[in-house]
Amino acid sequence: MDTAPSNGDSADQRADQRADQRAEDRADQDDAQEPVHRPLTDRELELLAFERHWWRYAGAKEQAVKETFGFSATRYYQLLGELIDRPEALAHDPMLVKRLRRLRAARRRERSARRLGMRP
């Protein structure tokens with residue numbers, strides 16, 4: 001005799017449903033963890049263009065930032081730092097972004113070396 005439950009769902013069907021639900025939950029988690037890629041804004045494109053050509057402006061770079069964008073040099077460098085970490089910026093201007101990343105990494109190494117007493 002068959003001892004399967006009589007409520008219409010077999011144990012195998014319930015196990016399949018649970019497995020399907022777990023797979024959907026994992027897919028939802030994967031979607032939530034994937035970074036959202038959005039196109040660069042006009043301001044972000046202007047930041048990259050400015051950084052590429054800032055030496056053309058007379059005077060100090062900080063003054064040129066203030067005149068061009070209307071915010072402080074500190075804010076400019078914060079935005080630029082976030083921007084060069086984005087894959088869209090790398091795709092837009094790979095040479096500039098790689099150069100800026102290299103310079104940033106070199107400055108970090110120098111700061112770390114000074115803190116650890118490896119350099120004066």
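**Entry 1: a term to settle first**

I take buried to mean under 20% relative accessible area, with over 50% as exposed and partly exposed in between. Glu44 has a relative accessible area of 13%, so I log this residue as buried.

**Entry 2: how far to trust the model**

I am working from a predicted model. I looked up the confidence, and the protein averages a pLDDT of 81. I also noted that 67% of the residues score at least 70. Where is confidence lowest, and where is it highest? The low end is helix H1, residues 11-33, with a mean of 61. The high end is helix H5, residues 87-92, at 96.

**Entry 3: salt bridges, starting from Glu44**

I searched the whole structure for salt bridges and got six. I began with Glu44, whose side chain forms one with Arg38, at 3.5 Å from N to O. Is Arg38 buried or exposed? Neither label fits: Arg38 is partly exposed, because its relative accessibility of 42% falls between the 20% and 50% limits. My note for this pair is a buried Glu44 facing a partly exposed Arg38.

**Entry 4: the Arg86 and Glu88 pair**

Next I looked at Arg86 and Glu88, and their side chains form a salt bridge at 3.2 Å, N to O. I checked burial here too, and both residues are buried. Which residues are linked with this pair in a network of salt bridges? I found Arg38 and Glu44 in the network along with Arg86 and Glu88, which brings me back to the pair from my previous entry.

**Entry 5: Lys61 and Glu51**

I then turned to Lys61 and Glu51, which share a salt bridge of 2.9 Å, N to O. Lys61 lies in helix H3 (residues 61-69) and Glu51 in helix H2 (residues 42-53), so this pair ties together parts ten residues apart in sequence. I looked up accessibility for each partner: Lys61 comes out at 11% and counts as buried, while Glu51 is buried at 6%.

**Entry 6: around Glu51**

I stayed with Glu51 to see its surroundings. A polar contact of 2.9 Å also joins its side chain to that of Lys61. What else does Glu51 touch, leaving out residues up to four places away in sequence? Besides Lys61, I listed Tyr76, Leu80, Leu96, Arg99 and Leu100.

**Entry 7: a reminder to myself**

Side chains of opposite charge can pair when their charged atoms come close. I keep that beside my three logged pairs: Glu44 with Arg38, Arg86 with Glu88, and Lys61 with Glu51.

Technical notes
Residues are numbered from 1 along each chain as its sequence is written. This is a predicted model: local features need pLDDT of at least 70, side-chain atom pairs count only at pLDDT 80 or more; totals for chains, interfaces and linings use all residues. Side-chain values use heavy atoms; hydrogens and water are left out. pLDDT is the predictor's confidence in each residue, from 0 to 100. Helices (H or I, at least four residues) and strands (E, at least two) are DSSP runs, numbered from the N terminus. A salt bridge is a side-chain nitrogen of Lys or Arg within 4 Å of a carboxyl oxygen of Asp or Glu. Buried means under 20% relative accessible area, exposed over 50%, partly exposed in between (1.4 Å probe, protein chains only). A polar contact is a pair of N or O atoms within 3.5 Å; within protein, one must be able to donate a hydrogen and the other to accept it, and residues adjacent in sequence count only if both atoms are side-chain atoms. Contact means heavy atoms within 4.5 Å.
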